[in-house]
2 protein chains.
Amino acid sequence: MATINQKIVLASRPVGMVSESNFRLVEEEVRELNEGEVLFRAQYLSVDPYMRGRMNDTKSYADPVGIGEVMTGEIIGPVESSKNPRYKEGDIVAGRVGWQKYAISDGKGLRKIKPSSVPISTSLGVLGMPGLTAYFGLLDVCQAKEGDTVVVSGAAGAVGSVVGQIAKIKGCRVVGIAGSDDKLNWITEELGFDAGINYKTSENITEELKNHCPQGVNCYFDNVGGPITDAVFPLLALNSHIAICGQISMYNSEKGEKGPRLLWNLIVKRATIQGFLVFDYFDRFSEAMPELTEWVASGKIKYRENVIDGLENAPRAFIGLFKGENTGKQLVRIS
Amino acid sequence: MATINQKIVLASRPVGMVSESNFRLVEEEVRELNEGEVLFRAQYLSVDPYMRGRMNDTKSYADPVGIGEVMTGEIIGPVESSKNPRYKEGDIVAGRVGWQKYAISDGKGLRKIKPSSVPISTSLGVLGMPGLTAYFGLLDVCQAKEGDTVVVSGAAGAVGSVVGQIAKIKGCRVVGIAGSDDKLNWITEELGFDAGINYKTSENITEELKNHCPQGVNCYFDNVGGPITDAVFPLLALNSHIAICGQISMYNSEKGEKGPRLLWNLIVKRATIQGFLVFDYFDRFSEAMPELTEWVASGKIKYRENVIDGLENAPRAFIGLFKGENTGKQLVRIS
C-alpha cells in the first residue's frame, strides 16, 4: 500500500491577521525514490514568526510561498528509506522542506542530527535556528560583553529566552520584556533574567526599564518592534547596539504602521541599529553549535517547548505565535 | 578706550520654529587678560544646524545654552593680544567660544590655523568641522568604497556637498537630494554628482531614486531625516550602511513627529544605521586633515560659502539654515 503524505499548503494570502482559512491540508501519495534521494518522516515541525512574511506576495529576503504550495518550514524526524549513500534508514535528519509529514530530499541542505542526551526537538529550537539566531544576534550584532545591560523583547520566545541566558553567561545584566506574568516568572525565576516587564500591564515601559537599567541599555535585542521598541530608545546608552531580529508586532499589519521618528536618538547616543538574518552566519554555525550544545547539556541554558499535536493543527500553532500563546519554542508534533 | 565686545545671547527658548526674537545682542567691555590668556577677534562665525538643539532645555550630547548665555558656536580670526606663550598677535585661531566679536580664551581647545593658499573661512567649513564630518561619516560610518552607490540628503549643504565629492573621489556613484534646482545644478554641474533630486518638486522621491540607483543604495548619508529618509529606505541594498549625521527636518518640531515604521527593512537588507558625532573622531582628525587639505588645494573638492555680514545678522543666517537658504557653508562675516 502506498504511503500517504499530508501537507499544509497556502490556500489564500492573508489580509491583515492570518487565519486558519489561509491554509489547507492536502494528501497525496508518496512517490518512489529516485537514485540519490532520501525519504524522511516528520516527528516535529517548527513554526516561526518569519513564515508570516512568506505568505505575502512580496519579495522579502526570500521568495513568497505560492498559492497551493506547501508552507515553508523545517521538520525533523527519521529517514524512512534512502537511495542516498549519506543517509540510512533510522538516521535523524532536519530539513527546510515545508509543513508536511513526509518529505523527499536529494540530501542537499539536510542536517543529520547526531544522537545525544537532548531530545531531537531541540534541533528546531535551542540547538537550531532560534538558538543560533540568539547567539549571533547577541554576541555579534549587539556585541554584548561583560557588564553590559541587555534588554530583549519577546523575552519568553524561542529566541529571546536564549538571548537572555547567553547574556547572563557572558556576565550581563538582563531585562526581558514579555506579555504575561507567567512568562516573566519563567524568565526571572528559572532562566535567571535580572528583571522582567509585562508590556501588556505596564503603565510606562520606559519608566520601568529605567528602574531596571540604571546605566542605560547597552544592547537591545529586538524581536517585536513597534511601541515596545519605541519605549527602549530613550534609554539607549552611549555607543549602544540594537539588533533587529524580528518585528512580530507588525507582521499582520494590513498597512504600514506609523510610529515616532527616533533616528535623532542615534546621534545623541552614537548608537547602531543593525538588521540581521541568522543564515548570513552559516559559515560560523560550527563555531556556535559546540558552545550552545555544551550550555544546554550542562543546564546553563534551559529551554521550554510548547507542543501542539497533529499536522492539521499547525496553522493554529502558527497563529498562536502572534497572540503570544507560546512560552519557549512552538512545535507541532506530527507522529 | 576699552574695547567693546558684542555677543548674541539666548533670550528665550524657541517653541517650534526658532525666530529672531529668541536672540538678543548685548555689549560689554572686554576685560583685561590674565596670565596665560589670549584675546582674539572674530572674522567669521559658523552657524550650524546642531545649534538648534542647544536652544532647547534638554540635555542632548551637550548641555543646553542657558538663557542669557552666549550662543554656542565657533569663530575664527586673529589674536589681538596674548599673555599665552603659544599664541602671538596676528596668529589666526579658531575656537568654539560662541557667537561674539571678541573672545578671551586660556588657549585650551583653540586651533591655530596655519597660513595657506585657501581663505581662513574654510577652517569653519570644508577644512573644519563640516568637512571632517563628511569625511568620517562617509568613509567610516557609511564604509563607502569604490563602486558603491551613495545617496546624500542635504546635498548642497556644508557637509553634504563634501560627502558627495569625497564619494566621487573614491569611485562611487553619487546621488544628491536637495531643495532647489539651483542647488542641484551646483552639485551636478560643478561638484560632479551623478544625479540630483529636488525633494520639493519631486512627485515620488523613491521612484526618482530608483532610476538613479539601479543597483540600490549602498550608503545613505542622512542630514535631514523625515520623509526624505523614508523615501530612501525601500532602495537600500544588501548590507547597506546609513549614517545619521543630522535630522534637520525635525529640529524645529514642536512635538515628536511620526513616520512609517521602517526597521523591518533592516532585516530584509541586513542594513546598519549608525548615528555619529564628528567629535568622537577627534583622535583621527590629523589623519583626515592632510587629505582634505590636499583635495581642496588641488580643486578635487570645491566649496561654496554663503556669507552674511554683521554679527547682528547671525540669527537671520542661522534661521536661514532651516529654510534651505544656504548653498554650501553658511557663515557670518563679523569684521
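Two strands are taken to pair if DSSP finds at least two bridges between them. In this predicted model, that criterion is met by β4 (residues 44-46) and β5 of chain B, which are joined by 2 bridges and run antiparallel. Within this pairing, B:L45 has B:I75 of β5(B) as its bridge partner. B:I75 is also bridged to B:G95 in β6(B), and the strands concerned, β5(B) and β6 (residues 92-95) of chain B, pair in the antiparallel sense over 4 bridges. A further antiparallel pairing, of 3 bridges, links β5 (residues 75-82) of chain B to β3 (residues 38-41) of chain B. Here B:S81 of β5(B) stands opposite B:L39.

Parallel pairing is found in chain A. Strand β12 (residues 217-222) of chain A is paired with β13 (residues 236-244) of chain A in the parallel sense, over 5 bridges, and A:Y220 lies opposite A:I242 of β13(A). The connection from β12(A) to β13(A) passes through helix α6 (residues 226-232) of chain A, and this β-α-β crossover is right-handed. Strand β13(A) is in turn paired in the parallel sense with β15 (residues 272-275) of chain A, over 4 bridges. In that pairing A:I242 stands opposite A:I273 of β15(A). Residue A:I242 is thus placed opposite A:Y220 and also opposite A:I273.

Helix packing was examined in each chain. In chain A, helix α2 (residues 129-141) and helix α8 (residues 285-297) pack at an angle of about 105°, and their axes are 10 Å apart. Since angles of 65 to 115 degrees count as roughly perpendicular, α2(A) and α8(A) are therefore described as roughly perpendicular to each other. On the side of α2(A), the contact is made by A:G131, A:L132, A:Y135 and A:F136, and on the side of α8(A) by A:F285, A:A288 and A:L292. These contact residues comprise 6 nonpolar, 1 polar and no charged. In chain B, the axes of α2 (residues 129-141) and α8 (residues 285-297) come within 10 Å and cross at roughly 105°, so α2(B) and α8(B) are likewise roughly perpendicular to each other. The residues B:G131, B:L132, B:Y135 and B:F136 of α2(B) meet B:F285, B:A288 and B:L292 of α8(B). The division in this contact is 6 nonpolar, 1 polar and no charged.

The relation between the two chains was then considered. Chain B is superposed on chain A by a rotation of 180° with 0.0 Å of shift along its axis, at an RMSD of 0.0 Å. The two copies are thus related as by a two-fold rotation axis. The same surface serves both copies, with 100% of the contact residues of chain B recurring in chain A.

At the interface, 28 residues of chain B are in contact with 28 residues of chain A. On the side of chain B that touches chain A, at least two residues each are supplied by β14 (258-260), α7 (263-269) and β15 (272-275) of chain B. The largest share of that side, 6 residues, comes from α7(B). By residue class, the side of chain B that touches chain A divides into 13 nonpolar, 9 polar and 6 charged. Strand pairing also extends between the chains: β14 (residues 258-260) of chain A is joined to β14(B) by 3 bridges, and these two strands run antiparallel. In this pairing, A:K258 has B:P260 of β14(B) as its bridge partner.

Note on methods
Residues are numbered from 1 along each chain as its sequence is written. Chains are lettered from A and ligands numbered from 1 in the order in which they are written. This is a predicted model: local features need pLDDT of at least 70, side-chain atom pairs count only at pLDDT 80 or more; totals for chains, interfaces and linings use all residues. Axes are lines fitted to C-alpha atoms, for helices over the stretch in contact, and angles run from 0 to 180 degrees between N-to-C directions. Angles under 35 degrees count as roughly parallel, over 145 as roughly antiparallel, 65 to 115 as roughly perpendicular and the rest as oblique. Two residues are in contact if their C-beta atoms, placed from the backbone, lie within 7 Å. Ala, Val, Leu, Ile, Met, Phe, Trp, Tyr, Cys and Pro count as nonpolar, Asp, Glu, Lys and Arg as charged, and the others, Gly among them, as polar. Copies are superposed by least squares on the C-alpha atoms of residues with pLDDT of at least 70 in both. A crossover is right-handed if, with the strands pointing away from the viewer, the path from the first strand over the helix to the second runs clockwise.
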